[in-house]
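Thanks for coming, everyone. I'll put the structure up and talk you through a few parts of it.

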Amino acid sequence: MIGNSILAQHLEDCECIQGDTMTLTYEFFDGEGNPLDLRRTKMYVAFCPYGQYKSPALIKEGIVSSGSPNTCVVNLSKTDTIHLKDIKYNQQPVIVVNADSPDEREYRRAQGDLIMYPAIYSE
């Protein structure tokens, strides 16, 4: 955050077929461009049907990289993606500071689209 302004970033669109596995990597920086240390935070990604930002279809916890503490990885399994039936989802990585305390705060500084193609079945 610079002054009172919040910097938001648009993520590149991701494409996937229902039933695929996928690894998504997110890097976080503060308002001055410095790597943000996430080791004392929680991180998750909310996947919401497009236009329904308050109704996530899937929430996945992120894993902070041991070698790069400003980087989180989210792994989507076959089970996760097979249940995403809509075509377009919004992905929002969320950082949770002071988790499980009265001072808990969430930051959503980026969002992007996940395009989910129907599974291909052979007869």
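Let's start at arginine 108, which counts as partly exposed because its relative accessibility is 39%. When I say buried I mean under 20% relative accessible area, exposed is over 50%, and partly exposed lies in between, with a 1.4 Å probe and protein chains only. Arginine 108 shares a salt bridge with glutamate 106, at 3.4 Å from N to O. Glutamate 106 is partly exposed too, with a relative accessible area of 40%. For a salt bridge, the rule is a side-chain nitrogen of Lys or Arg within 4 Å of a carboxyl oxygen of Asp or Glu.

Before I go on, a word on where this comes from. It's a predicted model, where local features need pLDDT of at least 70 and side-chain atom pairs count only at pLDDT 80 or more, while totals for chains, interfaces and linings use all residues. Residues are numbered from 1 along each chain as its sequence is written, and side-chain values use heavy atoms, with hydrogens and water left out.

Back to the charges. How many salt bridges does the rule give? The count is five. As a reminder, side chains of opposite charge can pair when their charged atoms come close. One of the five joins aspartate 37 to arginine 39, whose closest N and O atoms are 2.6 Å apart. Aspartate 37 is partly exposed, at 40% relative accessibility, and arginine 39 is exposed, at 59%.

Then there's lysine 42 with aspartate 100, where the closest N and O atoms are 3.1 Å apart. This pair links distant parts of the chain, 58 residues apart: lysine 42 sits in strand E4 (residues 42–49), and aspartate 100 is in the loop between strand E8 (88–97) and strand E9 (105–107). Lysine 42 counts as partly exposed because its relative accessibility is 42%, while aspartate 100, at 67% relative accessible area, is exposed.

Now the overall layout. The protein chain has one helix and 10 strands. Those are DSSP runs numbered from the N terminus, with helices being H or I of at least four residues and strands being E of at least two. Along the sequence, the pattern reads β-β-β-β-β-β-β-α-β-β-β. The C-alpha trace spans about 55 × 30 × 30 Å along its principal axes. Of the 123 residues, 35% are buried. Take the contacts with a separation of 6 or more: 65% of them are between residues 24 or more positions apart, where contact means heavy atoms within 4.5 Å.

The strand I'd like you to look at is E10, residues 110–117. Is E10 mostly covered or mostly open? Mostly covered: six of its eight residues are buried. Strands count as paired if DSSP finds at least two bridges between them. Strand E1 (residues 9–10) runs parallel to E10, with two bridges joining them, and glutamine 9 has alanine 110 as its bridge partner there. E2 is also parallel to E10, joined by four bridges. E8 pairs with E10 over four bridges as well, but in the antiparallel sense. Asparagine 90 is the residue opposite aspartate 113 in E10.

On E2's side of that pairing, cysteine 14 has leucine 114 in E10 as its bridge partner. Cysteine 14 is buried, at 15% relative accessible area, and cysteine 16 is buried as well, at 4%. You'll probably want to know about disulfides. A disulfide is a covalent bond between the sulfur atoms of two cysteines, and here the cut-off is a pair of sulfur atoms within 2.5 Å. The structure holds zero of them. Why is cysteine 14 not bonded to cysteine 16? Because their sulfurs are 8.8 Å apart, too far for a bond, and cysteine 16 holds the closest cysteine sulfur to that of cysteine 14.

Last stop, the surface. The accessible surface of the protein chain comes to about 8,000 Å², and 50% of that belongs to carbon and sulfur atoms. These areas come from the Shrake-Rupley method with a 1.4 Å probe, and for residues only the protein chains shown count as cover. Ile17, Tyr117 and Ile120 make a nonpolar surface patch of about 300 Å². Patches are built from residues with over 30% relative accessible area and no salt bridge, joining like charges within 9 Å and nonpolar side chains (Val, Leu, Ile, Met, Phe, Trp, Tyr) within 5 Å. Isoleucine 17 lies in strand E2, residues 14–17, and is partly exposed at 30% relative accessibility.
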